[in-house]
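Visitor: I would like to understand the words people use when they describe a model like this one. Could you walk me through the reasoning behind them?

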Amino acid sequence: RIGTAALAVQVVGSNWPKPHYTLLVTGLCRFQILQLLKEKPYPVAEVEQLDRLEQFTNQHKSEEELGELSEQFYKYAVQLVEMLDMSVPAVAKLRRLLDNLPREALPDILTSIIRTSNQEKLQVLDAVRLEERFKMTIPLLVRQIEGLKLLQKTRKPKQDDDKRVVAIRPNRRINHIPSTTEDDDEEEDHDDVVMLEKKIRTSSMSEQALKVCLKEIKRLKKMPQSMPEYALTRNYLELMVELPWNKSTKDRLEIRAARILLDNDHYAMEKLKKRVLEYLAVRQLKNNLKGPILCFVGPPGVGKTSVGRSIAKTLGREFHRIALGGVCDQSDIRGHRRTYVGSMPGRIINGLKTVGVNNPVFLLDEVDKLGKSLQGDPAAALLEVLDPEQNHSFTDHYLNVAFDLSQVLFIATANTTATIPPALLDRMEIIQVPGYTQEEKIEIAHRHLIPKQLEQHGLTPQQIQIPQVTTLDIITRYTREAGVRSLDRKLGAICRAVAVKVAEGQHKETKPDRAEVGEGEDCKEHVTEDAKPESISDTADLALPPEMPILIDFHALKDILGPPMYEMEVSERLSQPGVAIGLAWTPLGGEIMFVEASRMDGEGQLTLTGQLGDVMKESAHLAISWLRSNAKRYQLTNASGSFDLLDNTDIHLHFPAGAVTKDGPSAGVTIVTCLASLFSGRLVCSDVAMTGEITLRGLVLPVGGIKDKVLAAHRAGLKRVIIPRRNEKDLEEIAVNVRQDLTFVMASCLDEVLNAAFDGGFAVKPRVERLNSKL
Ligand code: ADP
């Protein structure tokens, strides 16, 4: 029958959807009910006040009496409050209250704060005597403290622990609790930070960077280690220390040695090597070169990357390759800002960290395959990196201070210039690296690829012999590429197969030996029995151990690589009218292309298939228009004998392979030839390939990629190539032996093209035409 008198301070709530009120009251004192006066509508009683009666007079006495108890209580209360997060204003206020309030008020206040059941809280309220209240609350406090401790222990290992730990640390220092292993860890960390600071001060970073680092380390020292930012800042500082601000290798450049090294590493590619030597020579004469960035453009596998590596070797510099294919986020180049969790520097800074010097050779591989996305344009970020006027103060977002890139030698590679953004292209000097001829490939294979593959497979030239005819077979029948990459792979496959044979041979040689070492006849028999279940070929081999060196001839080639993938089917394909061979340029090198045409009854429609671009479609229209306007001159008729070629006739033109998109004007002459063959019913020569753009007047205009196209024709075994007359100068680039194998026809108008494409010429019938016109 004890209650608490209180003053209602605030009533909050509403009647809707159902009555719900919160009452804020201030407790005044405890009372005891003497007599209940009435119960309805609300209880009214006569009460007697029980506490807070003579607090001023009694205070000293009670404190003396309860001194020990209240002191104990106070200590627990302080301990509990300090375990909480002091940075929360309410907690700080509570801490102050503990000191300012009279001790006897504390049990009531703390009971209301700590986590207890309502039952326990009521018990404390019911307890009238102060001593009793202290005694009752202390166990509650202790329980809460233990609970908190347990909680902190389980949370501690987590990096991102909450801030409660912050409050514990100063506490421990005050109380001088003996240090545990955890403390040792912290001490260690502290030492690390001191070491880091030392490293920063002794490193040779720029003034600006030093300033930033010192500021960061100051922050780091104050930061609790469990904060996520701690690790972030530390990683940042460690990177800053590791970066080669002032560390460089000494260039040892001697042009003569460089020439020898380049020649030794790479066969052919004279133009490229010449330009690279020029570049290096200028570098030797003038130390600080703000020259253009070299960009090697060519099909895959022609040695662009490996020339880059050789340049680094000749200069005695570190080499680092940055693959840019598919990169579509500018932070890949320039890094993420440090505000992100998981942010990191861009590839340039990362590369510098990896090589550990500030003057490496960076090979920016596949710059033509940079993407673009919502995360910004990486090509634009590269502009700053590659501009010699700007790159002495390249700012990575992660570092946020400038780093001098002017000592880095950048080399770029690409398959085509078409997809390189113009601004980027403008900063680079393009060096075309065309594909190889068959002869060059044979030389490369025998000088570089085969020795390399032998070494990789642990074989010696005494064990395997690959004659040049075999290499030529691999090149023509098993690969069709401008570079030498798949040739390299095929040679690898051959080496693997031979390695098996060689290993087997060794095994068989050693096996009887081992049997002899074993005890007598039984063992020997056992071995021969074991050998029996092996395949027939193996037993045959046993009888005839492979002779060293193993010669790779065409049969061996067929065994290892399977049936040939490419056959020379040129002559077969041209056994009917309406087919002509064109030459196309692709980023993978030149290719020959069979253009096919057919006609059928219809309404004069032209169907084009083979994934053509707009320019190519226009070429097809041009070709048809020119033929229609010249039909009488050439006596070309459609199926019904009319000179209007599209009269009641549909034409279908197809460009294989259908899955590859094609575009460009250079197929013009091929389409004209193909259609001329279709309408005249004559066969185009099987060994002729052609390229050239056409106009409505019948002129043949120059096109690009002549060298690659001619090499493709040569690879395919063709004999004659028709090219625009204005492309004659491009032939100089082509190796003499290729030129000797081929006959070139320079054409400046379509008459010349048709005359060269058909056996016996494609005669113009001027007289007939004139007669006709008179009629
Ligand atoms: P890319 O970068 O042009 O795609 P790589 O540089 O990776 O091609 O070359 C592929 C392989 O071909 C390398 O092993 C390289 O050594 C070899 N290679 C290419 N061209 C030559 C050459 N002219 N002389 C020697 N090896 C070459």
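Guide: Happily! Let us start with one term: a residue is called buried when its relative accessible area is under 20%. Please keep in mind that this is a predicted model.

Visitor: What makes Arg95 count as buried?

Guide: Its relative accessible area is 18%, and the cut-off is under 20%. Arg95 therefore counts as buried.

Visitor: Where does Arg95 lie, and which residues does Arg95 touch?

Guide: Arg95 is part of helix H2, residues 89-100. Leaving out residues up to four places away in sequence, Arg95 touches Tyr74, Val78, Val81, Glu82 and Met86.

Visitor: Why is the pairing of the Arg95 and Asp99 side chains called a polar contact?

Guide: The term needs a pair of N or O atoms within 3.5 Å, one able to donate a hydrogen and the other to accept it. The contact joining the side chains of Arg95 and Asp99 is 3.3 Å, which is within that limit.

Visitor: How much of the chain is buried?

Guide: Buried residues make up 41% of the 775 residues. The chain has 30 helices and 21 strands.

Visitor: How do you know on which side of H29 the buried residues sit?

Guide: In helix H29, residues 750-757, the buried residues are Leu750, Val753, Leu754, Ala756 and Ala757. They cover an arc of only 165 degrees around the axis, so they are on the same side of H29. As background, an α-helix has 3.6 residues a turn, so residues three or four places apart point the same way.

Visitor: Why are H10 and H12 called roughly antiparallel?

Guide: Helix H10 (residues 255-265) and helix H12 (residues 304-315) pack at an angle of about 150 degrees. Angles over 145 count as roughly antiparallel, so H10 and H12 earn that name. Their axes are 10 Å apart, and the crossing is right-handed.

Visitor: Which residues meet there, between H10 and H12?

Guide: From H10 come Ala258, Leu261, Leu262 and Asp265, and they meet Ser310, Lys313 and Thr314 of H12.

Visitor: What angle and distance describe the packing of H11 and H12?

Guide: Helix H11, residues 270-285, packs with H12 at an angle of about 35 degrees, and the axes are 12 Å apart. The contact is made by Leu272, Val276 and Leu280 of H11 with Val307, Ile311, Thr314 and Leu315 of H12. The crossing of H11 and H12 is right-handed.

Technical notes:
Residues are numbered from 1 along each chain as its sequence is written. This is a predicted model: local features need pLDDT of at least 70, side-chain atom pairs count only at pLDDT 80 or more; totals for chains, interfaces and linings use all residues. Side-chain values use heavy atoms; hydrogens and water are left out. Buried means under 20% relative accessible area, exposed over 50%, partly exposed in between (1.4 Å probe, protein chains only). Helices (H or I, at least four residues) and strands (E, at least two) are DSSP runs, numbered from the N terminus. The arc is that of the directions from the helix axis to the C-beta atoms. Contact means heavy atoms within 4.5 Å. Axes are lines fitted to C-alpha atoms, for helices over the stretch in contact, and angles run from 0 to 180 degrees between N-to-C directions. Angles under 35 degrees count as roughly parallel, over 145 as roughly antiparallel, 65 to 115 as roughly perpendicular and the rest as oblique. A crossing is left-handed if the near helix is turned anticlockwise from the far one by less than a right angle, and right-handed if clockwise.
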